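Colleague: I have just opened this one and don't know my way around yet. Could you walk me through it while I ask whatever comes to mind?

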Amino acid sequence: MAFVAEDGTGLATATSLVSVATTDTYWADRGGADNTTWVAATTASKQAALIKATDYVRHARRYRWLGTRKSYAQTMPWPRTGVTERDGLAVADTIVPWQVQQAVASLAVRALTEDLLPDLERGGQITSETVGPRSVTYGDGAPLGSVIQRVDGLLAPLLRLPLIEASPYLKQPTIPAGYVEKEFTYS
C-alpha cells in the first residue's frame with residue numbers, strides 16, 4: 001500500500017494522519033537530537049514511521065475520541081463530526097486537528113528506533129487489583145508500558161472522559177455520580 005496522508009476528507013486509502021512535509025517542519029522548528037534523527041532518515045523510513053505512529057494513536061482502547069468518524073469508509077479516526085474540545089472550541093469536520101498531527105509527528109521519530117506497540121506479557125503477574133477507584137499492582141518482572149506524556153497531553157482535549165488508563169500520569173478528573181457525557185451544541 002502506498003503512503004497516503006489524511007487530508008481532512010475522510011480518505012478510504014489514508015495510511016497516516018500527517019504528511020512527511022508537515023512532520024519535517026515540526027521537527028525543524030524544534031531542532032535537537034530528534035530533529036537530527038528525523039532529518040537523517042530516508043523518505044521511505046519516515047513514511048513507515050508515520051504509519052506506525054498513526055497506528056499508535058488509532059488504538060481504540062488507548063484513545064477514545066470525542067465525536068464520531070465522518071464516514072464509515074474512512075480508515076483513520078479523523079476527521080470526526082460533533083467534536084467540541086474541553087474548552088468549548090468546535091473542531092471542523094474537514095481537518096485532522098493540529099494536536100493529532102503534532103502527536104503523530106512526536107511519535108514518528110520514536111518509531112524510527114523503537115516499537116511503539118510492543119507485546120506486553122502481563123499474564124498471571126498481577127498481584128492485586130481494586131476496581132474503584134482503580135488500582136492494579138504488578139509482580140516483580142512484569143513489563144511496563146510506556147507513558148508518552150507529551151502525546152497524551154496533546155490529545156487530552158479531544159478525548160472522552162475518563163481519560164485513558166494507559167496514562168496514569170495524567171490526573172484523572174473526579175466524575176460525579178450519574179455523570180453522562182454529552183456533546184455541546186451552540187446556538
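Colleague: Let me start with N35, then: is it buried or exposed?

Modeller: In this predicted model, N35 counts as buried, because its relative accessibility is 16% and the cut-off for buried is under 20%. N35 sits in helix α2, and once residues up to four places away in sequence are set aside, N35 touches W27 and A28.

Colleague: And what is the overall fold made of, in helices and strands?

Modeller: The secondary structure comes to five helices and six strands, and reading along the sequence gives the pattern α-α-α-β-β-β-β-α-β-β-α. Of the 187 residues in the protein, 34% count as buried. Among contacts between residues at least 6 apart in sequence, 57% join residues at least 24 apart.

Colleague: How confident is the prediction, going by mean pLDDT?

Modeller: The mean pLDDT is 82, with 71% of the residues reaching 70 or more. Residues 164-170 deserve some care, as pLDDT stays under 50 there, although the model has 18 contacts beyond four places in sequence for that stretch.

Colleague: Okay, on to α4. How many of its residues are buried?

Modeller: Of the 14 residues of α4, 10 are buried, so this helix is largely enclosed by the rest of the structure. The buried ones are Q99, V100, A103, V104, A105, S106, L107, A108, V109 and A111.

Colleague: What covers them?

Modeller: The cover over the buried residues of α4 includes α1 (20-30), α2 (32-40), α3 and α5 (149-155).

Colleague: What span should that helix have, and what does the model show?

Modeller: Helix α4 covers residues 98-111, and at 1.5 Å a residue its 14 residues should span 20 Å, which agrees with the 20 Å between its end C-alpha atoms.

Colleague: Which residues touch the most other members of the largest nonpolar core?

Modeller: That core has 35 residues, and V57, W65, W78 and L155 are the ones in touch with the most other members. At least two residues of the core come from each of α1, α3, α4 and α5, and α4 supplies the largest share, with eight residues. As background, nonpolar side chains in soluble globular proteins tend to be buried together.

Colleague: How many aromatic pairs does the structure hold?

Modeller: There are four aromatic pairs. In one of them, W65 and W78 meet edge-to-face, with 5.5 Å from centre to centre and 80° between the planes. This pair links distant parts of the chain, since W65 lies in the loop between α3 and β1 (68-69) while W78 lies in the loop between β1 and β2 (80-81), 13 residues apart. Together with Y56 and Y63, the residues W65 and W78 form one aromatic cluster.

Colleague: Are those two tryptophans buried or exposed?

Modeller: W65 is buried, with a relative accessible area of 6%, and W78 counts as buried too, because its relative accessibility is 0%.

Colleague: What is W78 in contact with, then?

Modeller: Leaving aside neighbours within four places in sequence, W78 is in contact with E6, L17, W65, V83, V91, I95, V96, P97, V100 and L158. In addition, R80 lies over the face of the W78 ring, at 5.9 Å from the ring centre. The peptide bond that joins W78 to P79 is cis, with omega about 10°, and P79 is placed in the loop between β1 and β2. For context, most peptide bonds are trans.

Colleague: You mentioned an arginine over a ring; what lies over the face of Y26?

Modeller: That is R30, which lies over the face of Y26 at 3.7 Å from the ring centre.

Colleague: Changing topic, where is I51, and which residues does it touch?

Modeller: I51 is found in helix α3, which covers residues 43-58, and apart from residues up to four places away in sequence, I51 touches F3 and T15. I51 counts as partly exposed, because its relative accessibility is 27%. The C-alpha atoms of I51 and A5 are separated by 9.2 Å, with their positions 46 residues apart along the chain.

Colleague: Last one: where is R64?

Modeller: R64 lies in the loop between α3 and β1, and at 39% relative accessibility R64 counts as partly exposed. The C-alpha atoms of R64 and L159 are separated by 5.5 Å, although these residues are 95 residues apart along the chain.

Methods:
Residues are numbered from 1 along each chain as its sequence is written. Side-chain values use heavy atoms; hydrogens and water are left out. Helices (H or I, at least four residues) and strands (E, at least two) are DSSP runs, numbered from the N terminus. Buried means under 20% relative accessible area, exposed over 50%, partly exposed in between (1.4 Å probe, protein chains only). Contact means heavy atoms within 4.5 Å. The expected span of a helix is 1.5 Å times one less than its number of residues. Rings of Phe, Tyr and Trp (its six-membered ring) pair if their centres lie within 6.5 Å; planes under 30 degrees apart count as stacked, over 60 as edge-to-face and the rest as tilted. A charge sits over a ring if NZ of Lys or CZ of Arg is within 6 Å of the ring centre and within 35 degrees of the ring normal. pLDDT is the predictor's confidence in each residue, from 0 to 100. A nonpolar core is a set of buried Ala, Val, Leu, Ile, Met, Phe, Trp, Tyr and Cys residues joined through side-chain atoms within 4.5 Å.
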